[in-house]
Amino acid sequence: MRKEFKAQIIESISAQLQETPNFYITDISGLNAEQTTKLRRACYEADIKLTVVKNTLFHHVIKAMENEELEALVPTLKGNTAIMFTNVANSPAKLIKKFQKDGFEKPALKGAYVQECAFVGADKLEELASIKSKEELIGDIINLLQSPARNVISALESAGGKIAGIVKTLSEKEEK
């Protein structure tokens, strides 16, 4: 591979990391054409960009970033490597779990860089899948904020006529 071509690939990967800072390092070797197509289709539907990279080129990208957390992922760059770039932190982990649940050994998680933290090893898959996305966190916050209001409204509705009678009595007392 020519030096200029390598520089273009490194630049392309660096730009992808700037655009989508969450990524998973996986091994997809051994998948046949049908399984690879199924994986690529599932990645496309989940808004995950799947890219096969040379370990040495990705290593150069990591070194150039000068980030200690990223450098913790260097030992995972052995064997065949595919990178799953994503904006939603937990979607690749959920996709990998789904494939494993369907009986596929691959893709296998090697490591991940999610929300500025490095995760090394396949044993981190469950932890990564449980990370909540921004939308899920916003939904949880909204539910927490709505909960007290729902409780008050529910109590008022369940009291029904009693509350109305109390309010009427209090308003009559104020008028006197």
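Here are some exercises on a predicted model, each with a worked solution.

Residues are numbered from 1 along each chain as its sequence is written. In this predicted model, local features need pLDDT of at least 70 and side-chain atom pairs count only at pLDDT 80 or more, while totals for chains, interfaces and linings use all residues; side-chain values use heavy atoms, with hydrogens and water left out.

**Exercise 1. The overall layout**

Work out how many helices and strands the protein chain has, and in what order the elements run.

Solution. Start with the rule: helices (H or I, at least four residues) and strands (E, at least two) are DSSP runs, numbered from the N terminus. Counted this way, the protein chain has eight helices and five strands. Next, read from the N terminus: the order is α-β-α-β-α-α-β-α-β-β-α-α-α. Finally, look at contacts, meaning heavy atoms within 4.5 Å. Among those between residues at least 6 apart in sequence, 76% join residues at least 24 apart.

**Exercise 2. Surface and cysteines**

Find what share of the residues is buried, and how many disulfides the structure holds.

Solution. First, the cut-offs: buried means under 20% relative accessible area, exposed over 50%, and partly exposed in between (1.4 Å probe, protein chains only). Of the chain's 176 residues, 35% count as buried. Second, accessible areas come from the Shrake-Rupley method with a 1.4 Å probe, and for residues only the protein chains shown count as cover. The chain's accessible surface comes to about 11,400 Å², and carbon and sulfur atoms own 54% of that. Third, a disulfide is a pair of cysteine sulfur atoms within 2.5 Å, and a search of the whole structure finds zero. As for individual cysteines, C43 is buried at 1% relative accessible area, whereas C117 is partly exposed at 36%.

**Exercise 3. Salt bridges**

Count the salt bridges, then describe the ones that involve K94, K97 and K98.

Solution. Apply the rule: a side-chain nitrogen of Lys or Arg lies within 4 Å of a carboxyl oxygen of Asp or Glu. The count comes to six salt bridges.

- K94 pairs with E136, at 3.5 Å from N to O. E136 lies in helix α7 (residues 134–159) and K94 in helix α5 (residues 91–101), so this pair ties together parts 42 residues apart in sequence. E136 is partly exposed at 32% relative accessibility, and K94 is partly exposed at 40%.
- K97 pairs with E126, at 2.8 Å from N to O. This bridge links distant parts of the chain, with E126 in helix α6 (residues 125–129) and K97 in helix α5, 29 residues apart. E126 is exposed at 52%, while K97 is partly exposed at 30%.
- K98 pairs with D102, the closest N and O atoms being 3.5 Å apart. D102 is partly exposed at 42%, and K98 is partly exposed at 47%.

**Exercise 4. Backbone exceptions**

Locate the cis peptide bond at P107 and the positive phi values of D47 and E66.

Solution. Keep the background in mind: most residues other than glycine have a negative phi, and most peptide bonds are trans. Begin with the bond from K106 to P107, which is cis, with omega near 5 degrees. P107 lies in the loop between α5 and β4 (108–114). Now take D47, not a glycine, with a positive phi of about 60 degrees. D47 is in the loop between α2 (33–45) and β2 (48–53), and is exposed at 56% relative accessible area. Last comes E66, whose phi is near 50 degrees, again positive. E66 sits in the loop between α3 (55–65) and α4 (68–71), and is exposed at 69%.
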